[in-house]
Structures are given as C-alpha cells and as structure tokens.
Amino acid sequence: MVRAQLGPRRRGEAKRLAVQLATLCQTICSFAADIWKGTPMNPSQIDDKQNELARHTVAACQNAIARALENPAQAIDLARGLEAALDTLQLVRRETERGEAGMPAVTANSEALTRSALADVLKLASAPEQALAALAAVNRVAPSIAPAPAPVPAAASNAATSSVPLFSAISQNYIDMRIARDGEDHEEIARLIARRKTFLDLIGDRTPDEYFPSDLQSFVNKMQHFPSNVTKRADFAGKSTAEILEANKGFAMAPPMAKKTMEDGYVANIRTMMRHGMQDHNYRDPFAGAKLSYPKAYLPSKPREGISIEVTNRVFDKGVKSGLLDEAMFPLLAKMTSRRLGLLTYLQGSDIRRKDGVWIAQTNGIVEIVDEETNQKRWQRVPIKTGESLTYYVLHNFLDEIGFIAWMREQNGFVFQEAHHHPDPSKYMSKTMQNHLKRCGAKGGEVFHSLRGDAIDAMRRQKVDSRARRLQAGHELGDEHDKYGFRALSAEECQRLANLPLEKGIDWSVFRGLDFDAMAKRRRTRGRRPKSTEG
C-alpha cells in the first residue's frame, strides 16, 4: 500500500491529486503484472544481464511513484507514459502469440517495439543511462513468434480460446444487473441497450484486452453525425446505426446530439459496461486514462442560469391562474426545497412529518401504487440519483402559512396524483414544467432545474453551511469528513432552513387563499397555450 501526504490543500485540489496518484499506482501495478508476461525469460533461462534489466525496470517504476509523491501534478503524465508502454507490450505479445496470423507490421518489428516500450519506462529511472545500458546488454527482449497452431473447427472463434468474455457478454451482464437492481421499466435501461448497440455496431465485438483507447476515440468520431432524440423520430425507425449515420450526414434530417450527451451518456455508459467484469475476469480497463477529443459537430451545452425575478413572478402567477396544482405548486416547491422535480413528483402525504419543531418531508425509495381500475397493488421505485436523495428535507414555514402542508398531509397517496396517470410521471412533469417556463418567457439557460439552483444560491447567500445545503438539496456529501456523523440536518439547521427570509421582489401573495382540492381535480386540456409576450 502506498500512502502519500498531500499537505494542506483545498478539498477539490486534494481530491484531484489523490485521483492522479491512484491512476499512476494502478497503471504501475498493471505494468508490473504484465511486463515480462510472454517473454522468453523463464526462471531457468534468466541470466545476470536479464536479472539486471528486470531490476532496473522495477526501480524505474518505483522512481515514478517517488516523483509523483514529490509532485502529484505529474502523476497523470507519468501514468500516460507507462500506459502507452504497456499497450505496446500487450500488442506485441498478442500478435506474436497469433504466429503467422499476427499483424506483419507488429510481428516483423516485435523486438524494436518491445525495446522502445521498455526504453520509455527505463527513462523514468533515477539513473537512466545505467538502465538503458542494461537494456542494450540483453540480446532479445521480445517474445518469440508462436508456431502455427493446429487447425480449429470453422465455428470456433477467438473468444472460444480466451478466458475473458466478449464485450457483448460483459455489457449484457451489466444491463441484467441493472434490471435486477432498478427494475426493467427504469428509464436508464433503454438508454443502456441503445448505447451498447451503437458501440458494437461501429467498433465491433471483442474481448476487453483487444480494445485500445483509440477505439473509444474512433467511437466518438463516428458518432458525431448521430442525431439527437433518435428514438423519438419515426424516420429512423428500423434503421441500423450505420444507416442512421449515413442518412444524417451533413445533418440533413436532424441536428447532432449535444457534447454532454455523448460524453456523460454514451461514453460514460460504455466505460462503465467495459469495467463491469474486471473483478471476475481479471482484465485491465482498456479505456483507463483515455483522453478524448470531441469533434466540433457535437452541440455545446447551454450553461444553466438563474431565473430572473420577472420570469419567476410570471411562472408563479400564471401557474396559479392555470388552476392546475402541478403548474402552481411544483415551481414553488422546487424554489423552496431545492429538491429535484423527479423526487417531488413522488411526494406522498405520509412522507410529511414534524421534526425539531419544523415540517419535513422524506420520500421512500420504493412506493406502493394502487391501480385505480383493478384496485391491485404494486411497488415502484422512486427515481433517486444519490443515497442522499432519501434523506429528509425541510419544508419552509411559508408552505405551512398558505395551508399547503396541511392539505398535503390529508392526501392518501401521491400529492400530485395527476402526474401518475402517465407511464413515466417524472419525465411527463419535466416536459410539462419546461413548457410552462417557456410560456412564461424563460429563455436560454433558464430551465426548471434553475429553480433548484436558485434555492441553493439563496441558502448560500444566507450563509447556510455547505454540508447543510447538500443535505437539504439531496446532493452527495463532499468528502469523508462530511460523511462522518448522522447524515441528517441538525435541529438548529432545520429551524434556520424553515425560517429563511423570502426573496425580495417576488410576489408571494399569489399563493394565499388557494383551493387546493379544486386545483387537484382540474385536468389539463389539450392544445397550445399562448406564450407570454412580456419581458
């Protein structure tokens, strides 16, 4: 085990440097486990010169760690150098093991490639001249080309002789695990299946040790013409990934997807699925440390921004005038609790209780649903993002003053029952709320989620402690220090959050005297409503 004292640093900087050091150590462990594998240097054949080379190689790795400890900012660059050497050695070993079937460019130059990779590592030694001299003293370091294998049946594949499964099997195991954990109807399952298919279609199905960082870069490059919201477009139905890309060249049929969707969605999912079998099958992550470059065709994400007071007032006023409970109260709840819309959609009357002199709400991870037609009961998962999403949060006293807390507690089941007449309540409400904001003049980065950001900013302005802000918002706690003790707000923090000053400039009076029963019974009518012409 390697322990490193990083000294007094800001939390974000310390965390980043720790990750860099961990990346280096992980790469060196992989290198040490792999470097002599497949070479002719078995114990009975190793001579003094080979022993000397092995000693210098180990010392170079140790020196790389020492340099990183002295200057952690160099850790990533050192790791990349070692990783490139390891990739070369693995390539040489794999192709020479294939014998005559190996890539001629590799097998014919196996000795030069191996020496070059080892030289890159030995340059990290404290005495690089001696280390390189030890390398020069060894006559051969590359593995010998394997003799031609005996013929195998035509049906046999490369995967049949490998102990590591193909990516298709590993990724399917991951999806099966997610279905067992989250349920088949979880919104992420369909995305995982679709993203797995695009990768297999474009890059091919291999064992993890046959992929390289360049394959992930190739995937990013090829996907730049893939349209956004492809599953929602009938004109792409039934087409293969290649056919969709060909049809959308020049974006003749649909705009490209956002860079954030590719980076945090497709690429992140492929990375996760690729790592899923590492513990069971003892292979190295082929995409570890891969630095990707994204083509300019991907749409840049619009930065979120706070909602102006003028737009906020219109959102509140028009929401109340709509007579619909969700349009009136979801924006208010988001602004006063800082909780995600998906979680608020599943709020039930039984979730609200008194604690430390204030009203709090705590949504369960699984809720019981009664079918109105059959009267049958079933259990459904709540779309939570982190474990902290299940912690309780404080309801502002203003919600009590207007009578909304008392009304919510009287409800038998979901507070926003209308949303649950749809197959995906949180997705339906997300679209509904965004349309509501647009009608009220929201533009650019002003989205419904901005109301949550406004609430967090309001807590920050009132000097609410960072840990308390995270717990109230349901965000993951920052570091190990924050996670010690109870993962809950203290009595003092609860009192303060329930009594935070209302933001000036906002007309809060529109929420007084509302008939929540009548609003809950009202149904949304079809047809477009006019956008606001104000502002």
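A nonpolar core here is a set of buried Ala, Val, Leu, Ile, Met, Phe, Trp, Tyr and Cys residues joined through side-chain atoms within 4.5 Å. With that in hand, here are the close-up views of this predicted model.

**View 1. The largest nonpolar core and its best-connected members.** This core has 46 residues, and M329, L332, L395, L399, F404, M408 and F511 touch the most other members. Helix 14 (residues 325-337) gives the largest share of this core, with eight residues. Take L332 as a good place to start looking: leaving aside neighbours within four places in sequence, L332 is in contact with F316, F398, L399, I402, W508 and F511. Elsewhere, a second, separate core of 32 residues includes F199, L200, Y211 and F219.

**View 2. A three-stranded open sheet.** The strands run in the order 1-2-5, and their pairing is antiparallel. Strand 1 and strand 5 each have a single partner strand and stand at the edges, so one side of each has no neighbour in the sheet. On average, neighbouring strands of this sheet are turned by 45 degrees against each other, direction ignored. Helix 22 (residues 491-498) packs on the sheet and touches strand 2 and strand 5, and its direction makes about 40 degrees with that of strand 5.

**View 3. The hairpin of strand 1 and strand 2.** Four bridges join strand 1 (residues 352-355) to strand 2 in the antiparallel sense. If you would like one pair to find on screen, R353 has I360 in strand 2 as its bridge partner. Two residues lie between the strands of this hairpin, and D356 takes a positive phi near 55 degrees.

**View 4. Strand 2 beside strand 5.** On this side, strand 2 pairs with strand 5 (residues 393-395) over three bridges, again in the antiparallel sense. Here I360 stands opposite V394, while A361 has Y393 as its bridge partner. Now look at the side chains of strand 2 (residues 358-361): V358 and I360 point one way, W359 and A361 point the other way, and all of them are buried.

**View 5. Helix 7 packed against helix 8.** Helix 7 (residues 167-182) and helix 8 (residues 187-203) have axes 10 Å apart and pack at an angle of about 175 degrees. Angles over 145 degrees count as roughly antiparallel, and that is why helix 7 is described as roughly antiparallel to helix 8. From helix 7, the residues F167, S168, S171, Q172, Y174, I175, R178 and I179 take part in the meeting. Helix 8 answers with E188, I189, L192, I193, R196, F199 and L200. You may recognise F199 and L200, which also belong to the second core.

**View 6. Stretches to read with care: residues 36-45 and residues 154-160, where pLDDT stays under 50.** For residues 36-45, the model has 20 contacts beyond four places in sequence. For residues 154-160, the model has two such contacts. As background, the mean pLDDT of the protein is 81, and 77% of its residues reach 70 or more.

**View 7. Stepping back to the whole chain of 535 residues.** The secondary structure comes to 23 helices and five strands. Of the residues, 44% count as buried. Among contacts between residues at least 6 apart in sequence, 72% join residues at least 24 apart.

Conventions:
Residues numbered from 1 in each chain as written. Predicted model: local features only at pLDDT ≥ 70, side-chain atom pairs only at ≥ 80, totals over all residues. Heavy atoms only, no water. Buried < 20%, exposed > 50% of the residue type's maximum accessible area, 1.4 Å probe, protein only. Pairing = 2+ DSSP bridges. Contact = heavy atoms within 4.5 Å. pLDDT = per-residue confidence, 0-100. Axes fitted to C-alpha atoms, helices over the stretch in contact; angles between N-to-C directions. Parallel < 35°, antiparallel > 145°, perpendicular 65-115°, else oblique.
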